[in-house]
Each structure stands twice: as structure tokens, then as C-alpha cells.
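Here's a quick walk through this model, with the spans of one chain to begin with and the domains of the other after that. Have the structure open as you read.

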Amino acid sequence: MTVLAVRQDGPGTTTVPGPRRRLLGLVIALVVLVVLLVLSVMIGSTSIPPSVVWDALVHSSTGIDQVAVQDYRLPRTIVGLVVGVALGLSGALIQALTRNPLADPGILGVHAGASFAVTVAVGLLGVSDVQGYMWFAFAGALVVTLMVLALGSTRQGSSPVVMVLAGVCVGAVLGGAREALQLTDPDAFDAMRSWNAGSIGGRPLEVVWPILPFLAVALVLAFVVAGPLNAMALGDELAVSHGVSLARTRVLAIIALTLLAGGATAIAGPIAFVGLMVPHVARWIAGPHQRWIFAYSVLLAPGLLLVSDILGRVVLRPGEIPVGVVTAFVGAPVLIALVRRKKASGL
Amino acid sequence: MTRTPLIAAFLGAALVLTACGGDGGDDTAEAAAPTTRSVTADNGTVQVPAAPQRVATIGNTTQPYIDLGGKPVAVTQVVESTLTKLPADQQATYKAATNVGDQEIDLEKLAGLKPDLILVQIDDAGFKAIEKQLTSIAPTVSWSLDTEWKEFADAISEAGNTSAALSQQKTQFAEKVAKIKETYGAVIKDTTFVDIARAEWSDPGTFYIADIGCSEIARDDIGLNLPEAAAGQDPLAYANLPYEQLTSLSKYDVITYPVTAAGQPTVPFAEVANLNTWKALPAVTSGRALGVFCPGNNSYGPVLQYLDSLDKALATLPAKE
């Protein structure tokens, strides 16, 4: 990783790794992710021998441990992979779009919209399970982001700064409304307490499948706008002179990141830091090219999520710590360490 | 707190009106010298009416008082999931009373109902915050949340003057316990049990081992071999266990789980019952997973219903080979 990182050779100069090194780094990240996927299935809050886990994966055994692997660990790992990809890519998109290295999807109101919608679903409509309120979360994230997009658009076009301000304001209003609802409804408060922590445990694959097509569309959109976002990083005027449609790029990017972040939040609840931290690391490794940043984010983010989840499963056995809590614990110090070691990656 | 002066003014006015005897219906009660008794509770020794007529129940005292045949004039909110498990006549009694609040009690409304006794079981800090106002309205008897359920029933009965009903319930309880022990003693002697549950407030993908609540009665009164936390440790029920931990239940001969009065898994637990891991447990495959209805465990009425359900469940237990 160190070899591949962008090197600061002097004030204002950086050495960007070549395509071969970036590709090698990507292969290494892929291998690490595969190892983590295997570990996620192997390690849990109960001790199940690797041979039993392997048996569960390749045979349709009915032994209790094998069934637990198929019933619990395998779906959890798949959920972690999907949510991680979505969070990492949405973080990379929002940072590229706003040219703000501290941006994450939350500032466009995704989390606020999802949380408010889940509170309404639980508190007012009596929805009680994850499968039920995930659609509310998804719809809430989409509606609020569209609202922010509308509020952030001026006659001169859409401005990232105005959009972020609109996101913060809408988030504050919805946050207040959500708090008021929760204070008057203990059931909603209880449900939101655990949902707000962000977890990939106990989510059946039935929660993932309906969201997956949206995420697939968003994935394609993200790579479609990667080139124009590269041009926009040089400045709007230069991007326009290269034939980039600013409005189209922004709208597509926002649709993609909203689908990604909204889908991830609908499945797992709000999970902090992954979408913020991973694109930083991706930029350090891959340099300023968005396609590479996106590709690295797609591989590194689920890795971070799975490492955090594995830690959360073993440190408090037989109980667990939700992955959202662990990513905050792990992510914050790691990000601080990285930022202190290298200059924060600009955009 | 900002309402305190208003409450004080209201109470003053209420006292004046009461002294004037504006309500003709109270003449008889006022004419007769009130007979009082001393009741000792967690807030000290309190002088209460010998035969209270207008009882207000706050917090967890509502259901036990109604269960003893009491008809409160004022109640605080009972959660829907508890209310629906009460017998129809008790639900009617609850609904006939005036609701004076939930988390926050409407003290003006309570004072307006002119209770002659207030029974309270809420958290200590919450009680301290309103103790003065309550005692200025009527004699107030309070118990802490960790009061053992049988002691609690005795205390409510003593304060509320419902000893006849309590005596009858205690007799029924003793008879049912004796019958279950006698009928199933041989079967349960060498059988290991575990009671698991999942509640509305459980984290997604988790369940817990219920070592408190109704299973305490099964363990302490019936003698079922049920797990419990080590001395000085938090109850096992406080730990949310991931579904993966269902595999650890393989070591128990019998698993009991929560069902509705109709015998169906409760809504929160249905998720567990649908898991393949659950269906693969030895106790489940051998027909030794028993659904038990636990409507409550803080008074004899629901406990008697629980014992009936446990009795029926144990009757389905195949003889141990």
C-alpha cells in the first residue's frame, strides 16, 4: 500500500502511480476482500470449525452449525459486501461531485430522510420488521435527496455548495421532526435506537434482492459519470470547454449516489465513516482519476465494513456490537492517523 | 416544573371547594370520621384510608390493582401489548378509569379526580420528582421497580384493601404449583430447560434468554432447571444474542418460547421461529420446543394464566427416553 500511495515530493507536487501499479493495487485489494469474505463466513459469535463451515458452503447439510452458517453468516457476509460497495462508491461520488474531501452522503440528507421515514413507518404505521421499513428508508432517502436537489438548484444551475447547504437544512428539520415523533412514541424510539446504530446482522437476503437492481443501475451510472467528474475537478469552465454537460453530470451523479446510499441505509441503517474514509484511501493509492478511485472504493469499502463487523462479532461474545458503532471506532482513529501521515487528499 | 405554581393554585382552590362541601354526593363520606391504617412501603409509613374508595394507580400498579378486583378512578397509560392480554372485564375497568398520562402525569387532572389513595410504582427518580405534588393530592404509597412480584401483590392488596381477592388468588396459585410439580415432577427432574424470547425492542437479528419474568416462576416455584445469571451479574435477558447463538441452545432438552393466548408465536418471536437454524435445533425437531403464554408476572392473575399455559405445554412433552 505504501509503495502505491501518492507520494508528496515537495510543495504542490505529487507523484501519481502508473496504470500498472494501480492495477496491481486493485488486484491486491481484490485478494484482501476475498480473504475478508472468507473470514466473515468463518468467524462469528460462536465457534464453528472451518471444516463445518466449508461443509455448509458446499453441501446442503442439515446439521445445526451448517444451517447457522447458511442461515446467518452467509447472508450477513453478502449484505456486508453489498452495503460496503454502495457506501464506498456513494462516498467517492459525493466527494467528487462537491469537490469536498469531507463530504459524505449524509450531507445531502440521505440519512435524515431514511431515518425520518423509518420513524414514521414504525411510530405511525406500526411497521415492525426490517423488510417492512426498508422501503420507507429507501423512499425517504430518495425523496429527501430529490428535495435537496430541487432546493439546491438555482437559475444559474445546480451548485454543490447550495446543495450541501440545502441538505444540511433539510436534515436539521427532519431530524427535529424525527426526535419529536420518537419522544411521543416509545415503540418508535426503541425501533430507531437499534436501527440508528447501523447493523448488517440479522438481515435476510430477502432484504437485499429488491434493492440490488437499483444498486446495479447506480454502479453503472457512477462509472459513466467518472470521466466528466474528472474534467469537472479541473473547474467548471474547463469541463464545459471539454464538452462536459455540468447539469447532466451532476444529476446523474446525484441519482447514482442517492440510490447507493439510500439502498445501503435501507438495508443496514446509517453507517458512518465508510463513505467518508474509503475514498480518501482510494485517492492516496490511485491518484486523482475518478474511475480508479471508484474501483478502489468498490473493493476497499466492503473490506472495511467486513473487518469492522468481524471485530464487532468477537469482542463482546456472545453478544455483538453493531457494525456502525465499530466503523466509527475504527474509522475515526485510522482516518486521523492517515491524515496526519499524509496531507489530506485534495480534490 | 413551570406548571408548579398553577398546580399549587389549583390544589388550593380544590381544597377550598372540598371544605365548602359543594358536592352534595360527598356529604356522607365527609360526615363519617375517616378510619385510617398505616401502610409501610418504600416511601415510608403512610396513613391510608381503611377502605379507599377513589384509588389512583400510577405506573406498574394499575394492572395488579385491577387484577385484585380494584376499580381505580385514575390510571396511567398501560402499553397496548400488555392491555390486550388482560381479561375483557379488566380491560373494561381500565378503560372506565380516567387516563392521567403516560411518561408525564397530568397532576391537575389527577387532583381534579379527588383520589383518596395513590398507588405508585415508577422509577425512583421519577417518583422523587413528583412526590410532593402527589402527597398533596392524596396519601401516596410507592414501591421501587425491583420489588418482588409476590411482595408487590401483598403490598398492593394491603394498601388497596383487597385482601379477600388476594387470598383467593394465592390459594389458586399454591394449588396450581402443587399440581404441576406432582404431575410432571418425574419428567422435569432430569430435564434441562431454557426459556428464550424476542421482544418489540430487541435489536434486529437478536433474541435473548429469558431468565427473568415468567421463567423465574417456572424456575423458583415449579423447579424447572432453567439457566440464570451468576450472582451479582446482570440477568441473562439483558444480553441481546445474535441468531447465530441459537446453535448454543442445542445443549438443552427443552426450549420454551413466547406465544399468544391463541398459541401462536408472538409477533417479535415469529421471526426466530421461521429461521432454519431454529427449525434444526434438536429440541424443535423432537417436539420439545414448547410455546408458553406469559401475559405478565407482576400479579397473581396473569401468573395463574401462565401456569395454565405451562401446564398444557408440559403435558405435550414426550416422556424422556
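Take residues 77-94 of chain A: this span is 100% helix and 0% strand, with its end C-alpha atoms 26 Å apart. Keep in mind that you're looking at a predicted model. Residues 293-315 of chain A come out at 96% helix and 0% strand, and here the end C-alpha atoms are 32 Å apart. Side by side:

| Span of chain A | Helix | Strand | End C-alpha atoms apart |
|---|---|---|---|
| Residues 77-94 | 100% | 0% | 26 Å |
| Residues 293-315 | 96% | 0% | 32 Å |

Both spans carry the UniProt annotation "transmembrane region", which comes from an unreviewed entry. That record also lists residues 23-43, 106-127, 133-151, 207-231, 251-281 and 321-339 of chain A.

Now for chain B. The domain assignment splits it into domain 1 (32-161) and domain 2 (174-315). Their centres, taken over C-alpha atoms, sit 31 Å from each other. Where the two touch, ten residues of domain 1 of chain B are in contact with nine residues of domain 2 of chain B. On the domain 1 side, the elements giving two or more residues are α3 (62-67), α4 (80-83) and α8 (149-160) of chain B. That side has four nonpolar, four polar and two charged residues.

How far does the predictor trust all this? The scores are ipTM 0.73 and pTM 0.76. Chain B has an average pLDDT of 86, and 88% of its residues score at least 70. Residues 1-30 of chain B stay under 50, and the model gives them 13 contacts beyond four places in sequence.

Conventions. Residues are numbered from 1 along each chain as its sequence is written. Chains are lettered from A and ligands numbered from 1 in the order in which they are written. This is a predicted model: local features need pLDDT of at least 70, side-chain atom pairs count only at pLDDT 80 or more; totals for chains, interfaces and linings use all residues. pLDDT is the predictor's confidence in each residue, from 0 to 100. Two residues are in contact if their C-beta atoms, placed from the backbone, lie within 7 Å. UniProt positions are given in the numbering used here, feature names are shortened, and annotations may be inferred rather than shown by experiment. Helices (H or I, at least four residues) and strands (E, at least two) are DSSP runs, numbered from the N terminus. Domain bounds come from an automatic or database domain assignment. Ala, Val, Leu, Ile, Met, Phe, Trp, Tyr, Cys and Pro count as nonpolar, Asp, Glu, Lys and Arg as charged, and the others, Gly among them, as polar.
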